[in-house]
Amino acid sequence: MAEAQDGTGQRRARGRPRSWSDTTDQNRIKSLDRAMAVLERLSELGGATLSDLAEATNHAPASLYRILVTLEGRGMVDFDPAPQTWHIGASAFRIGSRFLRRTSLVERARPALCALMEATGETANLGIARDGHVLFVSQVETHESIRAFFPPGTMSPMHASGIGKALLAQLPPDRAARIAARHGLERFTGRTLTAPEALAADLAQTRRRGYAIDDQEKTRGMRCIAAPIFDMHDEAVAGLSISGPADRLPDDAIPAIGAKVIEAAASVSRGLGATRVSSV
């Protein structure tokens, strides 16, 4: 139901009123939308001066400054006076971290991530699909000095990510193709799969063997091996992976590592109540 009775007998909105189901521009607050776009771009940059951020967002410095000051008042951004740079603030972290408390996924996956890192010696990652990208939500880093690093909050295109391809492979091929077409197949290295046919073939192979491989497709010299995690409805809701330098993940070691990744993902799936799990 969209509405409920309050104490006076009048109807009050619950969530989204029926008459307000339209999510087109007429129901958007443009100034808020601009502020959120600025916040998102600042997070991607990791910090920026006013002039650099103005160029990156195509805003006039004066109007951008008002947005930043407003966000600063809410603790969403911070200003470092020495280098004159703006950064994401503590309130943005607190709000974002509450997203992870919506589900027990991160908590349940943590032991599997730790065990997988110890078993393989490489960084273990947990990611979910968001808007045609993989959103990394947890990570256990290797003790090696050279390592892959995807801190929570990092986004990566699905077609150039081990977890992304592991999740795409669980979809009907036509749906996976539509997602790829909608978001594009951007080239990052000479190994990126930029042709729809090549991606489709890779996803088919992923389904057969149970794990996906990012073979230096996003970052030159780095490999990733990933498997899907299923929930109680037997739907692929996340992916688990290990990532590291290609010379520590040679071709002949991948099947054995893939088996470890599959089992780690399966253990999380079972903890979420899944009956369908990947198997070696």
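**View 1. A lysine charge meets an aromatic ring at Phe 188.** In this predicted model, Lys 218 places its charged end over the ring of Phe 188, at 4.8 Å from the ring centre.

**View 2. Tyr 65, Phe 79 and Trp 86 gather in one aromatic cluster.** The count of aromatic pairs here comes to 2. Tyr 65 and Trp 86 meet edge-to-face, with 6.4 Å from centre to centre and 75 degrees between the planes. This pair bridges distant parts of the chain, since Tyr 65 belongs to helix H3 (residues 61-73) and Trp 86 to strand S4 (residues 85-88), 21 residues apart. Phe 79 and Trp 86 have ring centres 4.8 Å apart and planes at 45 degrees, so this pair is tilted.

**View 3. Take another look at the cluster, now for burial of Trp 86.** With 4% relative accessibility, Trp 86 counts as buried. Its partners are partly exposed: Tyr 65 has 43% relative accessibility, and Phe 79 has 30%.

**View 4. Ile 29, Leu 32 and Met 36 make a nonpolar surface patch.** The patch covers about 300 Å². Met 36 lies in helix H1 (residues 30-45) and, at 42% relative accessibility, counts as partly exposed.

**View 5. Stepping back, the protein chain has 9 helices and 10 strands.** Of its 280 residues, 41% count as buried. Among contacts with a separation of 6 or more, 53% join residues 24 or more positions apart. The chain exposes about 15600 Å², and carbon and sulfur atoms supply 52% of that area.

Technical notes:
Residues are numbered from 1 along each chain as its sequence is written. This is a predicted model: local features need pLDDT of at least 70, side-chain atom pairs count only at pLDDT 80 or more; totals for chains, interfaces and linings use all residues. Side-chain values use heavy atoms; hydrogens and water are left out. Patches are made of residues with over 30% relative accessible area and no salt bridge: like charges are joined within 9 Å, nonpolar side chains (Val, Leu, Ile, Met, Phe, Trp, Tyr) within 5 Å. Accessible areas come from the Shrake-Rupley method with a 1.4 Å probe; for residues, only the protein chains shown count as cover. A salt bridge is a side-chain nitrogen of Lys or Arg within 4 Å of a carboxyl oxygen of Asp or Glu. Helices (H or I, at least four residues) and strands (E, at least two) are DSSP runs, numbered from the N terminus. Buried means under 20% relative accessible area, exposed over 50%, partly exposed in between (1.4 Å probe, protein chains only). Contact means heavy atoms within 4.5 Å. Rings of Phe, Tyr and Trp (its six-membered ring) pair if their centres lie within 6.5 Å; planes under 30 degrees apart count as stacked, over 60 as edge-to-face and the rest as tilted. A charge sits over a ring if NZ of Lys or CZ of Arg is within 6 Å of the ring centre and within 35 degrees of the ring normal.
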